[in-house]
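Visitor: I would like to go through this model by asking about its strands, its core and a few single residues. Where should we begin?

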Amino acid sequence: MPRTKNITPKYELKVNCGDKNLHTGTYCSLKEIASHLNFPYTTITDIFQGRRVSLNSYANCKYFPKIEITNLS
């Protein structure tokens, strides 16, 4: 029996660049966020857990976006 798709929003995504809000939305899964941003799922889980090691070398760039993923519950 296949798994049913989760339809309850559980995560909030905010993407900011400087003071400008580029995107805000709610998502049902981290996989859905990864698909929307076109990032690998493992990178999204790292961002959610606070382990942005893969993106740290770019974090000090002037126009690097700040990505925040929080639980809604």
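**Strands, core and single residues**

Visitor: How many residues of strand β1 are buried?
Guide: This is a predicted model. Strand β1 covers residues 11-17 and is mostly covered. Of its seven residues, the number buried is five.

Visitor: Which residue of β2 stands opposite Cys17?
Guide: β1 pairs with strand β2, residues 20-27, in the antiparallel sense over seven bridges. The hairpin of these strands has two residues between them, and there Gly18 takes a positive phi near 70°. Opposite Cys17, β2 places Lys20.

Visitor: Which residue in β3 is the bridge partner of Lys14?
Guide: β1 also runs antiparallel to strand β3, residues 66-71, and six bridges join them. In β3, the bridge partner of Lys14 is Glu68.

Visitor: Is Asn16 buried or exposed?
Guide: Asn16 lies in strand β1. Leaving aside neighbours within four places in sequence, its contacts include Asn21, Leu22, Phe64 and Pro65. The cut-off for buried is under 20% relative accessible area. Asn16 has 19% relative accessibility, so it counts as buried.

Visitor: Which elements give two or more residues to the largest nonpolar core?
Guide: In soluble globular proteins, nonpolar side chains tend to be buried together. The largest nonpolar core here has 11 residues, among them Leu13, Val15, Leu30, Ala34, Ile47 and Ile67. The elements that give two or more residues to this core are β1, α1 (30-37), α2 (41-49) and β3.

Visitor: Which residues does Ile33 touch, not counting those up to four places away in sequence?
Guide: Ile33 is one of the residues of the largest nonpolar core. Not counting residues up to four places away in sequence, Ile33 touches Tyr11, Leu13, Tyr27, Ile44 and Ile69.

Visitor: What do the buried residues of α2 pack against?
Guide: The buried residues of α2 are Thr43, Ile44, Thr45 and Ile47. After α2 comes Gly50, with a positive phi near 90°. The buried residues of the helix pack against α1 and β3.

Visitor: Why is the pair of Tyr11 and Phe48 stacked or edge-to-face?
Guide: A search of the whole structure finds one aromatic pair. The ring centres of Tyr11 and Phe48 are 5.3 Å apart and the planes stand at 90°, so the pair is edge-to-face. Tyr11 in strand β1 and Phe48 in helix α2 are 37 residues apart, and the pair links distant parts of the chain. Planes over 60 degrees apart are classed as edge-to-face.

Visitor: Is Phe48 buried or partly exposed?
Guide: Tyr11 has a relative accessible area of 15%, so it is buried. Phe48 has 23% relative accessibility, and therefore counts as partly exposed.

Visitor: How far is the charged end of Lys31 from the centre of the ring of Tyr41?
Guide: The charged end of Lys31 sits over the ring of Tyr41. Its distance from the ring centre is 6.0 Å.

Visitor: What is the distance from the backbone nitrogen of Glu32 to a polar atom of the side chain of Ser29?
Guide: Ser29 is placed in the loop between β2 and α1. At 26% relative accessibility, Ser29 counts as partly exposed. Asn6 is 23 residues from Ser29 along the chain, with their C-alpha atoms separated by 7.5 Å. From a polar atom of the Ser29 side chain to the backbone nitrogen of Glu32, the distance is 3.0 Å.

Definitions and conventions. Residues are numbered from 1 along each chain as its sequence is written. This is a predicted model: local features need pLDDT of at least 70, side-chain atom pairs count only at pLDDT 80 or more; totals for chains, interfaces and linings use all residues. Side-chain values use heavy atoms; hydrogens and water are left out. Buried means under 20% relative accessible area, exposed over 50%, partly exposed in between (1.4 Å probe, protein chains only). Helices (H or I, at least four residues) and strands (E, at least two) are DSSP runs, numbered from the N terminus. Two strands pair if DSSP finds at least two bridges between them. A nonpolar core is a set of buried Ala, Val, Leu, Ile, Met, Phe, Trp, Tyr and Cys residues joined through side-chain atoms within 4.5 Å. Contact means heavy atoms within 4.5 Å. Rings of Phe, Tyr and Trp (its six-membered ring) pair if their centres lie within 6.5 Å; planes under 30 degrees apart count as stacked, over 60 as edge-to-face and the rest as tilted. A charge sits over a ring if NZ of Lys or CZ of Arg is within 6 Å of the ring centre and within 35 degrees of the ring normal. A polar contact is a pair of N or O atoms within 3.5 Å; within protein, one must be able to donate a hydrogen and the other to accept it, and residues adjacent in sequence count only if both atoms are side-chain atoms.
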